[in-house]
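Reader: I'd like to learn how to read a few features off a model like this one. Could we start with charged side chains and work outwards from there?

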Amino acid sequence: MSQLLKISLPDGSVREMPEGSTPADVAAAIGPGLAKAAIAARVDGELRDIMRPFEGDAQLALVTARDEADALELARHDFAHVLAEAVQSLFPGTQITFGPSTDDGFYYDFAPAERPFTDEDLPAIEAEMRRIIAADLPLVREVWSRSDLIARWQAAGESFKAEWAAELPDDEELTVYWSGEPGRPGAWMDMCRGPHLASTGKLDPNAFKLTRVSGAYWRGDQRNPQLSRIYGTGWLNKKQLDAHLVRLEEAAKRDHRKIGAEMDLFHLQAEAHGSVFWHPRGFVIYRALEAYMRRRLDAAGYLEVKTPQVMDARQWEQSGHWGKYRENMFVIPDEVPNTEDEGPVVSNDAAWMALKPMNCPAHVLIFRQGIKSYRDLPLRLAEMGCCHRNEPHGALHGLMRVRQFTQDDAHIFCREDQLVDEIAKFCDLLDVVYKDLGFGDYAIKLALRPENRFGTDEMWDWSEQSMRDAVAATGRNTPEWGWEELPGEGAFYAPKLEFHLTDAIGRTWQVGTIQTDTVLPERLDASYIAEDGNRHRPIMLHRAILGSYERFIGILIEHYAGKFPLWLAPVQAVVATIVSDADDYAHEVVAALQAAGIRVETDTRNEKINYKVREHSVGRVPNILVVGKQEAEKRTVALRRLGEQQQQFLSLDEVVAMLKDEALPPDLKG
């Protein structure tokens, strides 16, 4: 007689099941409705295949489509596998590599046998994927030995998979999933940790779309072979897919690179990979945002500093960045190189320096100048610091990911008893800034200790709990604020709070952050004289609200679709004439607006007024003041607001007073 397993359910009940039972068997025992709805299971907290047998007594929670996060992860993982099977079916000889799920879909990297894939291949691949889904093939998990799996991949000509299998940890269980009955003709296999749905037929064939093809390097290293990466988006049903495609269409309209060109804000070019050429109008936005942030920081008690761009490598070694971050740093020799026909030549004994990728070590050096007392703390040092990070060319993306950027950076040096209050004050400051900039909806997440880290467990325990206490003190550790803890996602030296904005079309952006740090003050020997007369280490808080000006302006462009609030608009008004007889009056209107601090331009070209209005509307000018002979005689204007059909007829004094008030930055309004 076989032993019965005790399976505990979320409602507190316990089901006794025979050995060899699966979560699917439990679902069937409960009822046919649940048996049909269940798609996977959490066994002792681990997400698993619904057909995988229990290994002993267990806690069980059945997963259905109502558990959307888990269901989407499973579906996207399955879509990636079906994609790989479809490609190998249509293009024999193609090697497979990796195929993970993503935030809104999936991708798979391939090594084609003949030519790179193109977007023209996608319709045929989609059709083959739907055939595989319609076949409702079982997805079956098997455990293989390392030697057998490597031999299998080598025999099949799958050199990438064989290489990866050989490098997986010795203690890791190696699993494969079959699409179809294992080992039978036509069955397809991939190496994968899982889990998966029970069969391909559990996917909705109308809930996915392949979106594009791009190049990628094996294991992300440009020294390795180039692969073809096929992207797709996958959902639980067609309704979700259609809603996502509408969002993608709206996102394409809002692309900051497209709008930036239409509004003449900035450009990028190969002569300075990953660095922004700000045009006059774009730099107006930059300066307005920078001035606003300076006023907010001044009011919050920050002291602004400026630190060097280049520092000796020994400083970066001492801080720990040289060992942890060197591959992302631009390194330069500390000497004037000789030159030959082949280019500059550096001697072997040159000392090394690096362009700073962050400001924190330099701020510690400022803190160390002179003796600090406990009465001097907290000391809040802010810097609009220009930094450089050596991002791969393929990872660069407009303003969103660059190599040269300016952080709205600050570091707070404080005592232990001040820590919770300082974090809480930062949360309040960040809240004001985000709401002023049009982001009332954001989530707060706590990123906890990573596996590879500096510091003791006691330090991490204290730092993480201090963050929890600070957020609780502000009342923001609730589901309404998106409060969540993220195990393993902290920095190597400290836990951090992350602030995730939601934009106008529902996308989220991780922007602001604050981190506690006891490691860097220790490594760089920062101290203060405490009340007991002894030297103590300060706590160092790394914090940013915008993250970087470049990326945040890119987010603002897309959030507002270029239709900025008036205080940020690069051109706040255009005075356009109907007839040349109104030119003199137009200049008078412009002078009055400029005297009131309005950024205004004149359009007296010999063009029809509808043409002028259309052109300035494309340029997202928020206010067009139309003047003709009649307006000149009455000293009035016809005001057209961007996006509105109706005009307002106002006196010159009225329009100047109104726009002056509307153009005030939010922190300067009464």
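Author: Sure. Keep in mind that this is a predicted model. A handy starting point is a group of charged side chains: Glu46, Arg48, Arg52 and Glu55 are joined in a network of salt bridges.

Reader: How many salt bridges turn up in the whole structure?

Author: The search finds 49 of them. Once you have a pair, look at where its partners sit along the chain. Take Glu126 and Arg130, whose side chains meet in a salt bridge at 3.8 Å, N to O. Both belong to helix H4 (residues 122-134), four residues apart, which is about one turn of the helix.

Reader: Are Glu126 and Arg130 buried or exposed?

Author: Glu126 has a relative accessible area of 12%, under the 20% cut-off, so it counts as buried. Arg130, at 28%, is partly exposed.

Reader: Which residues does Arg605 pair with?

Author: Asp603 is one partner, with the closest N and O atoms 2.8 Å apart. Glu615 is another, at 2.6 Å between the closest N and O atoms. That second pair links distant parts of the chain: Glu615 is in helix H18 (residues 609-618), while Arg605 lies in the loop between strand S31 (600-603) and H18, 10 residues apart. As for exposure, Asp603 is buried at 3% relative accessibility, whereas Arg605 is partly exposed at 35% and Glu615 is partly exposed at 33%.

Reader: Let's turn to helices. Which residues of H1 are buried?

Author: In helix H1 (residues 23-30), they are Pro23, Ala24, Val26 and Ala27. Looking down the axis of H1, you find these buried residues within an arc of 160 degrees, so they line one face of the helix. They pack against several elements, including strand S1 (4-8), helix H2 (32-37) and strand S5 (58-63).

Reader: And pockets? How much space lies in the largest pocket?

Author: About 2,500 Å³. Next, check the lining: 50 residues, of which Thr102, Asp103, Asp104, Arg212 and Tyr231 lie nearest the centre. S11 supplies the largest share, six residues. By class, the lining has 18 nonpolar, 16 polar and 16 charged residues.

Reader: What does the second largest pocket look like in those terms?

Author: It holds about 1,000 Å³ of space. Of its 30 lining residues, Tyr325, Arg389, Gln407, Lys496 and Thr513 are the closest to its centre. S29 gives the most to this lining, five residues, and the classes come out as 12 nonpolar, 10 polar and eight charged.

Terms used
Residues numbered from 1 in each chain as written. Predicted model: local features only at pLDDT ≥ 70, side-chain atom pairs only at ≥ 80, totals over all residues. Heavy atoms only, no water. Buried < 20%, exposed > 50% of the residue type's maximum accessible area, 1.4 Å probe, protein only. Helix = DSSP H or I, 4+ residues; strand = E, 2+ residues; numbered from the N terminus. Arc of directions from axis to C-beta. Contact = heavy atoms within 4.5 Å. 1 Å grid on protein atoms, 1.4 Å probe; cavity = no way out; pocket = protein on both sides within 12 Å on 5 of 7 lines; lining within 4 Å. Points joined across faces, edges and corners; volume = space filled by probe spheres on them. Nonpolar A, V, L, I, M, F, W, Y, C, P; charged D, E, K, R; others polar. Salt bridge = Lys/Arg side-chain N within 4 Å of Asp/Glu carboxyl O.
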